[in-house]
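User: I would like to learn how to read a structure feature by feature. Please give the general idea each time, then the case here.

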Amino acid sequence: MNRIPLPTLFFSANRLVGHGVETLVRTVGSLKGIFCDAAAFEKLPQDAIAYEVSSYLPVPEGSIGSLYFGITRIHPHLAGNEYMMTKGHFHTKSNCAEYYWGIEGEGVLLTMDTAGKCRAELCFPGSLHYIDGRLAHRMINISEQIFSFGACWPADAGHDYQTIAETGFSARILKLNGKPCLVSLNNNKCTQLESI
Ligand code: M6P
Ligand code: ZN
């Protein structure tokens, strides 16, 4: 009798494992230039893990109509009062949206439009976030444990890191009086984010 085949991909301890899964590790040192306080950033252990992305990329990049899937685990570091975060990117193709969802720990999804307007959403296990293809997006770990989230995006979306490297996000999530706040770098306005 034929057996129904087992799946080849699994979530295990909030990592993606299985045949064909690739893992990218970004060290703290590889994120030089993205934090507000450069001196505080230099004091962090530069070879510590900032975040790991395990992805299933079953088709060549650029394949139209196909999907990629990833789980990212951001470690809890603070560069001064700025929480650890992903590099963040725009999609090269602005008609390619993405889903993020919270798996473990607590974080913030920060988005920014091409005019520099930022918006923050709390992300926690079970929260689901639809990201319009025109918005830059970055995840920030505001918890004291690993913050992990899932992502699903079109294989032809492309990552534009250059625009972020040149302009940065105009708002940041900073730990002020022990709490995460959305701080606009344009006018120094702070909005407290209620922790769940
Ligand atoms: C998610 C997806 C990936 C992305 C990763 C890390 O898993 O959006 O495409 O690479 O997060 O984010 P970044 O590339 O901005 O460092
Ligand atoms: Zn993306």
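**Disulfides and cysteines**

Analyst: With a disulfide taken as a pair of cysteine sulfur atoms within 2.5 Å, the count here comes to zero disulfides. Cys-36 is in no disulfide, and the nearest cysteine sulfur, that of Cys-118, is 11 Å away. Cys-181 is in no disulfide either; the nearest cysteine sulfur to Cys-181 belongs to Cys-190, 5.5 Å away. In general, a disulfide is a covalent bond between the sulfur atoms of two cysteines.

User: What sort of model is this, and how are residues and chains labelled?

Analyst: This is a predicted model: local features need pLDDT of at least 70, side-chain atom pairs count only at pLDDT 80 or more, and totals for chains, interfaces and linings use all residues. Residues are numbered from 1 along each chain as its sequence is written, chains are lettered from A and ligands numbered from 1 in the order in which they are written, and side-chain values use heavy atoms, with hydrogens and water left out.

User: Is Cys-36 buried, partly exposed or exposed, and which of these is Cys-181?

Analyst: The classes rest on relative accessible area: buried means under 20%, exposed over 50%, and partly exposed in between (1.4 Å probe, protein chains only). Cys-36 has 42% relative accessibility, so Cys-36 counts as partly exposed. Cys-181 has 5%, so Cys-181 counts as buried.

User: How do I read the surroundings of a ligand, and which residues come nearest to ligand 1?

Analyst: A residue is near a molecule if one of its heavy atoms lies within 4 Å of it. There are 14 residues around ligand 1, and Tyr-51, Glu-98, Tyr-100, His-159 and Tyr-161 come nearest.

For atom pairs, a polar contact is a pair of N or O atoms within 3.5 Å; within protein, one must be able to donate a hydrogen and the other to accept it, and residues adjacent in sequence count only if both atoms are side-chain atoms. An oxygen atom of ligand 1 lies 2.4 Å from an N or O atom in the side chain of Tyr-51. For the side chain of Tyr-161 the distance from a ligand 1 oxygen to an N or O atom is 2.4 Å, and for the side chain of His-159 it is 2.6 Å.

User: How much of the area of ligand 1 does the protein bury?

Analyst: Accessible areas come from the Shrake-Rupley method with a 1.4 Å probe; for residues, only the protein chains shown count as cover. Ligand 1 exposes 370 Å² when taken alone, and the protein buries 96% of that.

User: Which elements give two or more residues to the shell around ligand 1?

Analyst: Strands (E, at least two residues) are DSSP runs, numbered from the N terminus. The elements in question are strand S4 (49-56), strand S9 (98-104) and strand S14 (147-154). S14 gives the largest share of the shell, three residues. Ala-50 lies in S4 and counts as buried because its relative accessibility is 0%. The C-alpha atoms of Ala-50 and Cys-36 are 16 Å apart, with their positions 14 residues apart along the chain.

User: How do I read a backbone angle, and where does Asn-177 lie?

Analyst: Look at the sign of phi and at the residue type. Phi of Asn-177 is near 50°, a positive value in a residue other than glycine. Asn-177 is in the loop between strand S16 (171-176) and strand S17 (179-184). Its relative accessibility is 83%, so Asn-177 counts as exposed.

User: Which side chain does Asn-141 contact, and what does the side chain of Ser-184 reach?

Analyst: Asn-141 sits in strand S13 (residues 136-141) and is buried, with a relative accessible area of 1%. A polar contact of 2.7 Å joins its side chain to that of Ser-143. Ser-184 is in strand S17 and counts as buried at 19% relative accessibility. The Ser-184 side chain reaches the backbone nitrogen of Asn-186 at 3.3 Å.

User: How do I compare separation in sequence with separation in space?

Analyst: Set the two numbers side by side. Lys-93, in the loop between strand S8 (90-91) and S9, is 63 residues from Asp-156 in sequence and 7.4 Å away in space, C-alpha to C-alpha. Gly-158, in the loop between S14 and strand S15 (159-160), is 34 residues from Gln-192 in sequence and 33 Å away in space, C-alpha to C-alpha.

Key:
Helices (H or I, at least four residues) and strands (E, at least two) are DSSP runs, numbered from the N terminus.
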